[in-house]
Amino acid sequence: MREEETFAFIEENVMESKKPKRQFVAGAKRVIWYGLIFGTIAGSTFAIVTTFVSSWLGRGQEPERIALSTTVQPKVSNIPKETKEPNKSELITDEKKLEGIQNIYSLIGKQAKKTNRSLVGISAIQEGGEGVTPLVTNTISGVIVAKTKKAVMILTRYSSIKNIQKMTITFMGQYITTGNLYNYDGRANLAIVKVAVSEMTETALRNIEVVDFGDAEYLERGEMVYVVGQPDGVIGSMEFGYITRESSVLSMEDYQVNIYGISINYHNNGYGVVCNMNGKCLGILDSKYNEGDTTIFVGIDRLRLILENLLNQKKQVYVGINGRGITDEYLEQFNHQSGLYVTDVTVGSPAYEAGIQVGDVIHEINGEKVDGMVKFFECIQNYRPKETIKVTLDRENSNGKKEIILDVKLQERK
């Protein structure tokens, strides 16, 4: 009985103490906290020391090279071209692009065919002796620039038919007749060939067309053009390209023209009509004006004055100077008076005989203001050969600028 009680007494008093557990948890928290503090201090110290040591050890080394960022190109698929499955949408897009390009070529070709109705082939013939077959000395293209009740007028290159009186003209590659030299201007290398209407068939007259002239004055780089005639030296050829160089001035005796660069192949016998995409003639391509390997054509705007004189057989007067208009930057040098600065005087010309010199600044002709070569040309066209005009000019010498009035007796341009 006592043993049971003793056992029971012992069981009631053997209990688990909570104090050691609380002490363990508190101790663990302190260890973690101290660890965090110590780790932070140690890490900061290590970083500072590392930076200092790296800086000290790195003295005298090359600075880090800074490179510009480069876009990484996508990797090319390793699938062979013949086995790679094409994207159908891409094929459709490419086909549309090719179709668009082909349409452009087709439109240019159609427009060129229309222009061909204004073109002719000219064969200059040299007569042989009795029983000798006439020899064809040269073949050149031409363009119909006017048609009257009695004649068809054709513009061509003067140097190709120089001193030739009898010519065979082929219209549209099939209608053949004869023509003769009507008028010319050697300085611009222009000639007018006349074909009598009475020498042509009604079919030919009905199908040919006079070329339609456009405006080249405001042409800009990049504008598309095409050339028909013989741009590659062969009659009936056609090329197309774009304007590579905007208008610049080319001075010639008593006049000046505008020239343009064009992106077609250079040929030393190239000749033809330059047209825009509407088929309007913008100028004449003549290898005479080519600069190095650059193909040049002359704008029709400045050629109109000469062409109209040739067509109307108006006698053109001759003075014999080259020059340029004085730009704004030089106006102050000439007391703000605009004029024509003389750059060259042809020996034996009316200007030379009258005493005009290189460096003179012409600013009046018979009281009419002159500010450049175009205006100068327009002024002298109002007079006839053998007439005398008064040219007012400024001349610089050791004593300063002096105004001079010279009498110039005009001659006929041959």
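**Entry 1: helix H6**

I call a residue buried when its relative accessible area is under 20%. The model I am looking at is predicted, and I kept that in mind throughout. With that cut-off in hand, I went to helix H6, residues 300-311. Which residues of H6 are buried? I noted Ile300, Leu303, Ile306, Leu307, Asn309 and Leu310. A reminder to myself for reading such a list: an α-helix has 3.6 residues a turn, so residues three or four places apart point the same way. Just past the helix I looked at the backbone, and H6 is followed by Gln313, which has a positive phi near 50 degrees.

**Entry 2: helix H9**

Next I applied the cut-off to H9, which spans residues 373-380. How many of the eight residues of H9 are buried? I found six, so I am happy to call the helix mostly covered, buried being under 20% relative accessible area. The six are Met373, Val374, Phe376, Phe377, Cys379 and Ile380. I checked Cys379 by its value: its relative accessible area is 1%, so it counts as buried.

**Entry 3: aromatic pairs**

Phe377 made me curious about ring partners. I get three aromatic pairs for the structure, and I looked up two of them. Tyr255 and Phe377 make a tilted pair, with 4.3 Å between centres and 45 degrees between planes. Where do the two rings sit? Tyr255 belongs to strand E9 (residues 255-262) and Phe377 to helix H9, so this pair ties together parts that lie 122 residues apart in sequence. Tyr255 and Phe377 are both buried.

The other pair I followed is Tyr260 with Phe297. Why is it stacked? The ring centres are 5.2 Å apart and the planes meet at 20 degrees, so the pair is stacked, given that stacked is the word for planes under 30 degrees apart. Tyr260 is again in strand E9, while Phe297 is in strand E12 (residues 295-299), so here the parts tied together are 37 residues apart in sequence. Both of these residues are buried as well.

**Entry 4: cysteines**

I then searched for disulfides and counted zero. Cys275 is in none; I see its nearest cysteine sulfur on Cys281, 5.4 Å away. That is no disulfide because the sulfurs would have to lie within 2.5 Å. Is Cys275 buried or exposed? It is buried, because its relative accessibility is 0%.

**Entry 5: positive phi angles**

After Gln313 I wanted to see other positive phi values. Met172 has one near 50 degrees, and it is a residue other than glycine. I placed Met172 in the loop between strand E4 (167-171) and strand E5 (175-185). Its relative accessibility is 29%, so I call it partly exposed.

Asp254 is another non-glycine with a positive phi, about 65 degrees. I found Asp254 in the loop between E8 and E9. This loop residue is buried, because its relative accessible area is 0%.

**Entry 6: two buried polar residues**

What does the side chain of Ser349 have 2.6 Å away? I found the backbone oxygen of Thr346 at that distance from one of its polar atoms. Ser349 sits in the loop between strand E15 (340-345) and helix H8 (350-354). Its relative accessible area is 0%, so it is buried too.

Gln230 was my other stop, in strand E7 (residues 224-230). At 1% relative accessible area, I count Gln230 as buried. I also took a C-alpha distance here: Gln230 and Gly272 are 5.5 Å apart in space and 42 residues apart in sequence.

**Entry 7: out to the surface**

I finished on the outside. Which residues form the nonpolar surface patch? My list reads Leu98, Ile101, Ile104, Tyr105, Met224, Met238, Phe240, Tyr242 and Met277, with about 810 Å² of accessible area together. Helix H3 (88-115) and strand E8 (237-252) each give at least two residues to it. The largest share, four residues, is from H3. I picked Tyr105, which is in H3, for a closer check. Its relative accessible area is 43%, so it is partly exposed. That fits the patch, because members need over 30%.

Technical notes:
Residues numbered from 1 in each chain as written. Predicted model: local features only at pLDDT ≥ 70, side-chain atom pairs only at ≥ 80, totals over all residues. Heavy atoms only, no water. Patch = residues over 30% accessible without salt bridge, like charges linked within 9 Å, V, L, I, M, F, W, Y side chains within 5 Å. Areas by Shrake-Rupley, 256 points an atom, 1.4 Å probe, with all protein chains shown as cover. Salt bridge = Lys/Arg side-chain N within 4 Å of Asp/Glu carboxyl O. Buried < 20%, exposed > 50% of the residue type's maximum accessible area, 1.4 Å probe, protein only. Phe/Tyr/Trp six-rings, centres within 6.5 Å; stacked < 30°, edge-to-face > 60°. Polar contact = N/O pair within 3.5 Å; in protein donor to acceptor, adjacent residues only side chain to side chain.
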